[in-house]
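Student: I would like a close look at a single part here, the surroundings of the ligand. Please walk me through it slowly, and then carry the same way of looking into the rest of the chain.

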Amino acid sequence: MAILINEQTLTFTLQTRSTSYQMAVDEHGVLLHTYYGASIDPEDDLRELIVRSDMGFSGNPPEAGSDRTYSLDTLPQELPSSGVGDYREDMIRLRHADGSMAADFRFESWEVLPAAQPIPGLPALYGDEQEPGETLILTLKEKASSVKVKLYYGIFEKENVITRSAVILGGGTAPVQLEKALSCCLDFQHEELDMIYFSGRHAMERTLRRVPVGFARTEIGSIRGTSSHQLNPGVILCTPGADEEHGLCWGMLFVYSGCFTAAVQKGQRCGTRAVMGIHPDWFSFTLEPGEQFCTPQVILSCSDQGLGALSRQYHDVIREHLCRGAWKHAQRPVLINNWEATYFDFDEEKILSLGRQAAGLGIEMLVLDDGWFGKRDGDTSGLGDWVVNEKKMGGSIGQLAAKLHGMGLKFGIWFEPEMISEDSDLFRAHPDWAIRIPGREPNRGRCQLVLDMSRKEIRDYLLDRISAVLEESQADYVKWDMNRSVCDLYSSALPAERSGELFHRYMLGVYELLERLLQRFPDLLLEGCSGGGGRFDAGMLYYSPQIWCSDNADAINRLQIQYGTSFFYPVSAMGAHVAVVPGFRERRSVPLKTRADVAMSGSFGYELDLSKLDKEDLEQIPGQIALFKQCYALTHEGDYYRLCMNDRMSAWGFAAKDRTSAMVTVVMTEAEANPLPVYLPLRGLDPDKRYRCSLTGTIRSGRSWERAGLALPQTPGQYESLVITFEQTED
Ligand code: DGJ
């Protein structure tokens, strides 16, 4: 049993393999948070950790009478009240019919369900036969109105994961306005904490940042309509000394692809409150009596073994309980994408010759990127007209795909469904389908406008068009791109007082379309993309088990991007390709071997004009594909270890779950004359098994490899790389 309830004291303890999360209802019905950390004995009630004192200027609710030590402003809470004397971050803000804004939630009832619960219309972790999950639902009622909130706690014991989400229920006879509807609040009572988050920009996503949590509020978020390149919707809190292998750390990962906030702040008693959810800016939602609003899910995880273990817990739960469908564990095909090979400048013959050469080298799928449809020879026109340009492609999409299939290749195709070009037949027919404000000229991003995905008729059109192309071409894969941020919020389909609902309804619409597409094409492999990693989040991973990690395929920049990405997301989720050098962005030349070694720690492919490679490079490709396949079980199903990331080099490794093999990749990023030797730490080996190292041929026990490490016989030069494997041996 992962959920333990003391019905007398109303104490709820959620137990995972090695963590505990505890809540308790106090004498006034407030749901307190008492503990989250390494496992405790579940019969122990930790509410005594909450020390009450009269703080001054922290007022008291009426039921506290003359007890000035009881204040909502100082208690650690699961669902903090709003507008009634807790001056810290709130989670749910209501505007009642009379204009008042108080929201004071008190415990009403509990319920346990023996499985993980889906969230209507939203992505969420799911249970399966091996691990169905368990759910605790706590219902709280707003003190002076009929609004109720159901707090959902899902438990995935094996992965040390607890999920949180909330359902807000309208009641009574009048609508209530939701002004803020976050998913999760985590109160820490005394710990000094660091906050880790991941920031960046287009083509340089997810750089790790670490700051001490202080009294100044630190907030990350997005109001771009997507989770964004700029800040990823995941936060780690950890003890200041925490590193890869030591220290307490807690992760909060948002399963949502739209606007979000995550705010962390130390309070006057030095405790920290962290909240996460849909960004309250540009958000409001009208809840009629009897209606409900579901918040997206937050995946919480905790480790007292450092950041590496925390990441592995996220990788496991994402791979097992978020990614779905035929491609969850199936080996993903090695692909060639024509985008960086041709950009818009291609025709049938160019694609077929790229395919022919790729097939000859052992590449398994050709992805036809942007430019195959409508009038689309540049980025100013054509989006929305999802009909093949037969003149450019020399015939129908079915004919082209059949020729590629005939070469033994799978066929993948690019769409950017959520967009519309003003110069398109679709826009000429339906100018009101674009999001823009009547009477104002719209702002453009990459010369294009955004479709109002909240509207069903638009989604129906897209599903029809995409399905027709997929059916005709028998496509195996779709790259689902999204190339601008959203602004000029207005939907002609929403009444004025509901205009604050558009951002969220947009996301619900995107998810609904993705779901319908996958139901119609259950074997389709989807790759998410938003100008690379602008929507690299757990929400999209529910639909697309891989996402193009970044438009920057420079192997050296990718070290940092893939490193930052790895804190929450598994390698199987990261689309990573070998691209041409020098890249036009950073103008750097990196050997083909290094480009491949970095990309194969991802969902692997090539994205360059093969006809321009020299003979030696071409000859390497079959071996690279073979190595990727040899290591696939390690990279895509194994445990991942960040080993080293400094100015000189980057190294990471994988170990098989059954500990029969492991691998390490190392890339030198800064060479020196008279180089110093390189010593690599190794992780994930069974201390009592013996392993042979592919580089040195040496055999040692896992214990010796882990404790003594590996000395590279020769220090690699600038931008050189090595992939070293360790196989268990009986020798
Ligand atoms: C942005 C993507 O990230 C690229 O890979 C490519 O598909 C272009 N869009 C095409 O317009």
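Tutor: Happy to. One definition comes first: a strand here is a DSSP run of E covering at least two residues, and strands are numbered from the N terminus. In that numbering, K479 belongs to strand β26, which spans residues 477–480. Please keep in mind throughout that this is a predicted model.

K479 is a good place to start, as it is among the closest of the 13 residues that surround the ligand. The others named as closest are D369, D370, D481 and D551. K479 has a relative accessible area of 4%, and since buried means under 20%, K479 counts as buried. Its side chain also makes a polar contact of 2.8 Å with the side chain of D369, so two of the closest residues around the ligand are joined to each other.

Now to the ligand itself. D481 places a polar side-chain atom 2.7 Å from a nitrogen atom of the ligand. Two tryptophans approach oxygen: in W414, a side-chain N or O atom is 3.1 Å from an oxygen atom of the ligand, and in W548, a polar side-chain atom lies 3.4 Å from an oxygen atom of the ligand. As for cover, the ligand taken alone would expose 290 Å², and the protein buries 97% of that.

W548 leads us onward, because strand β28 is the run of residues 546–548. Strand β28 pairs with β29 in the parallel sense, over 2 bridges, and within this pairing I547 stands opposite M574 of β29. Strand β29 itself, residues 574–579, is mostly covered, with 6 of its 6 residues buried. M574, A576 and V578 point one way from β29, while G575, H577 and A579 point the other way. Residues on both faces are buried.

A buried polar side chain elsewhere makes a useful companion to K479. S424 sits in the loop between β24 (419–420) and α6 (425–429), and with a relative accessible area of 0% it is buried. A polar atom of its side chain lies 2.7 Å from the backbone oxygen of S421.

Charged pairs extend the picture along the chain. The count comes to 58 salt bridges, and three of them show varied settings. In one, the side chains of E78 and R164 meet at 2.9 Å, N to O. E78 lies in the loop between β4 (31–38) and β5 (92–95), and R164 in strand β9 (residues 161–169), so the pair ties together parts that are 86 residues apart in sequence. Both partners are buried, E78 at 0% relative accessibility and R164 at 1%.

The second pairs E192 with K266, their closest N and O atoms being 2.9 Å apart. This pair also links distant parts of the chain, 74 residues apart: E192 is in the loop between β10 (176–188) and β11 (194–201), and K266 is in strand β16 (residues 260–266). Here E192 is partly exposed at 45%, whereas K266 counts as buried at 9%.

The third is local. D460 and K456 approach to 3.0 Å between closest N and O atoms, and both lie in helix α7 (residues 456–473), 4 residues apart, about one turn of the helix. D460 is partly exposed at 25%, and K456 is partly exposed at 45%. Beyond single pairs, salt bridges with shared partners join E89, D90, R93, K180, R217 and E219 into one network.

Finally, β4, which borders the loop of E78, brings us to a sheet. It is an open sheet of 4 strands in the order β1-β2-β3-β4, with antiparallel pairing. β1 (3–6) and β4 stand at the edges with a single partner strand each, so one side of each is left without a neighbour in the sheet. Neighbouring strands are turned by 15° against each other on average, direction ignored. The partner of β4 is β3 (residues 19–25), joined to it by 7 bridges; in one of the pairs, A24 has L32 of β4 as its bridge partner.

Definitions and conventions. Residues are numbered from 1 along each chain as its sequence is written. This is a predicted model: local features need pLDDT of at least 70, side-chain atom pairs count only at pLDDT 80 or more; totals for chains, interfaces and linings use all residues. Side-chain values use heavy atoms; hydrogens and water are left out. A salt bridge is a side-chain nitrogen of Lys or Arg within 4 Å of a carboxyl oxygen of Asp or Glu. Buried means under 20% relative accessible area, exposed over 50%, partly exposed in between (1.4 Å probe, protein chains only). Two strands pair if DSSP finds at least two bridges between them. Axes are lines fitted to C-alpha atoms, for helices over the stretch in contact, and angles run from 0 to 180 degrees between N-to-C directions. A residue is near a molecule or strand if one of its heavy atoms lies within 4 Å of it. A polar contact is a pair of N or O atoms within 3.5 Å; within protein, one must be able to donate a hydrogen and the other to accept it, and residues adjacent in sequence count only if both atoms are side-chain atoms. Accessible areas come from the Shrake-Rupley method with a 1.4 Å probe; for residues, only the protein chains shown count as cover.
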